[in-house]
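Reader: Can you walk me through this one? I have the files open and would like short answers.

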There are 2 protein chains.
Amino acid sequence: MLIGELAERAGTSPRTLRYYEAHGLVRAQRSANGYRIYDEAELRVVREIRALLDVGFGLDDVRPFVACLRAGNSSGDVCPDSVVVLRRKIAEVDAVIDRLGAVRHQLHGQLTHAIAHREKTCLRSRK
Amino acid sequence: MLIGELAERAGTSPRTLRYYEAHGLVRAQRSANGYRIYDEAELRVVREIRALLDVGFGLDDVRPFVACLRAGNSSGDVCPDSVVVLRRKIAEVDAVIDRLGAVRHQLHGQLTHAIAHREKTCLRSRK
DNA sequence: GCTTGCCTTGACGCCGACGACAAGGTTTAG
DNA sequence: CTAAACCTTGTCGTCGGCGTCAAGGCAAGC
């Protein structure tokens, strides 16, 4: 499988796959003419990477999951390192959610205050 | 008031104030030697900017609030343009919170699955 | 042979809010 | 006289995950 085919099957671009390889996440054989050749297993790897990135992981966070897959596991999640990252990410997400909740609350306060002020001004202007 | 003093009083840096000025948010007189001179009103402007940026606004989002303050209002929130931005930002925050909730849910699922798998493996290895 | 369509490496662009540094001018205190 | 401590403009660097050329090689069909 050449890079274009893998890219299409994984729903991404050749550029992206080379980028992953440059960062040590994806591996490829080389044909005589220098083309990258991938086996089926890499498709699963790339899909794992994509799924995690979509969820907000960084490339570094993804490494343990890829290693876990390469170690022969059916899921990238089941290795200790992956679990560590999962826990950390959940905690991060929780923190952001809390923060955004507070932000939302504050913005809501500013909004209602502004509306109230507008009512007042409007009433005054009608006198 | 020179730029260093304003920066300190607003809890930021001279570089940041020049950046705001370059983007049309903050204004300054110039002394004979070319130094920027700020009046007290600019302190409130800068604080408004900082408060909004801290909450996740971009510089463009902040403009209406600054204009509102310059128009003589006691709060930057009370003008129609500000209210529009406030509503939009609240909607954005809500969307992100929803998305993160889904992400959290998925990650939690992956984690429990991984733990369950580990239990299984552990049990097998003890046989 | 020529075009088409793959592939290769390399390098710059992006976005946003600045930080950091360069190279210089000014004023003040010792 | 000089050092310190301000100020000025200008430019490059940062972070991440790529997109987008550029310039070229290789394979295959007509």
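Reader: How many residues does each chain put into the contact between A and B?
Author: This is a predicted model. In it, the contact takes 27 residues from chain A and 27 residues from chain B.

Reader: And what is the make-up of the chain B side, by class?
Author: Where chain B touches chain A, it has 13 nonpolar, 8 polar and 6 charged residues.

Reader: Why do you say the copies meet through the same surface?
Author: Of the interface residues of chain B, 100% are also interface residues in chain A, so the copies meet through the same surface.

Reader: What turn and shift lay chain B on chain A?
Author: A turn of 180° with a shift of 0.0 Å along the axis, and the RMSD is then 0.1 Å. That is how copies related by a two-fold axis behave.

Reader: Which residue of chain B comes closest to the rotation axis?
Author: I97(B), with its C-alpha at 3.0 Å from the axis.

Reader: Switching to the fold. What does chain A consist of?
Author: Chain A has 5 helices and 2 strands. Starting at the N terminus, the order of elements is α-α-β-β-α-α-α.

Reader: What about its radius of gyration?
Author: Chain A has 24 Å, whereas a compact globule of 127 residues would have a value near 14 Å. The C-alpha trace of chain A spans about 85 × 35 × 20 Å along its principal axes.

Reader: How much of chain A is buried?
Author: Buried residues are 25% of the 127 residues in chain A. As for contacts in chain A between residues at least 6 apart in sequence, 39% of them join residues at least 24 apart.

Reader: OK, cores. Which residues touch the most other members in the largest nonpolar core?
Author: V46(A), I49(A), V62(A) and V66(A), out of 24 residues in that core. The elements that each supply at least two residues of this core are α1, α2, α3 (40–54), α4 and α5 (80–126) of chain A, together with α5 (80–126) of chain B. The largest share, 5 residues, comes from α4(A).

Reader: Is there a general tendency behind that sort of grouping, or what am I looking at?
Author: In soluble globular proteins, nonpolar side chains tend to be buried together.

Reader: What does V62(A) touch?
Author: Leaving out residues up to four places away in sequence, V62(A) touches L25(A), I49(A), L52(A), L53(A) and F57(A). Apart from the largest core lies another core, of 23 residues, among them L107(A), Y38(B), V45(B) and V66(B).

Reader: Now the DNA. Which residues come nearest to strand C?
Author: There are 17 residues around DNA strand C, and L2(A), G4(A), R36(A), T16(B) and G58(B) come nearest. At least two residues of that surface are supplied by each of α1 (3–10) and α2 (14–22) of chain A and α2 (14–22) of chain B. By class, the surface near DNA strand C divides into 7 nonpolar, 6 polar and 4 charged residues.

Reader: And for strand D?
Author: Around DNA strand D there are 16 residues, of which T16(A), G58(A), L2(B), G4(B) and R36(B) come nearest. Two or more residues are given by α2 of chain A, and likewise by α1 (3–10) and α2 of chain B. The largest share of this surface, 3 residues, comes from α2(A). The classes near DNA strand D are 7 nonpolar, 6 polar and 3 charged.

Reader: A few charged residues to check. Where is R70(A)?
Author: R70(A) lies in helix α4 (residues 59–70) of chain A. R70(A) and E42(A) are 28 residues apart along the chain, and their C-alpha atoms are separated by 9.2 Å.

Reader: Why does R70(A) count as partly exposed?
Author: R70(A) has 14 other C-beta atoms within 10 Å. A residue is buried at 20 or more and exposed at 12 or fewer, so a count in between is partly exposed.

Reader: E40(B), buried or exposed?
Author: Exposed, because E40(B) has 9 C-beta neighbours inside 10 Å. E40(B) lies in helix α3 (residues 40–54) of chain B. From E40(B) to M1(B), 39 residues away in sequence, the C-alpha distance is 8.0 Å.

Reader: Last one: where is R27(A) found?
Author: In the loop between α2 and β1 (29–30) of chain A. R27(A) counts as partly exposed, with 15 C-beta neighbours inside 10 Å. D39(A) is 12 residues from R27(A) in sequence and 9.4 Å from it in space, C-alpha to C-alpha.

Key
Residues are numbered from 1 along each chain as its sequence is written. Chains are lettered from A and ligands numbered from 1 in the order in which they are written. This is a predicted model: local features need pLDDT of at least 70, side-chain atom pairs count only at pLDDT 80 or more; totals for chains, interfaces and linings use all residues. A residue is near a molecule or strand if its C-beta atom, placed from the backbone, lies within 6 Å of it. Helices (H or I, at least four residues) and strands (E, at least two) are DSSP runs, numbered from the N terminus. Ala, Val, Leu, Ile, Met, Phe, Trp, Tyr, Cys and Pro count as nonpolar, Asp, Glu, Lys and Arg as charged, and the others, Gly among them, as polar. Two residues are in contact if their C-beta atoms, placed from the backbone, lie within 7 Å. The radius of gyration is taken over C-alpha atoms; the globule rule is 2.2 Å times the number of residues to the power 0.38. A nonpolar core is a set of buried Ala, Val, Leu, Ile, Met, Phe, Trp, Tyr and Cys residues joined through C-beta atoms within 7 Å. Copies are superposed by least squares on the C-alpha atoms of residues with pLDDT of at least 70 in both.
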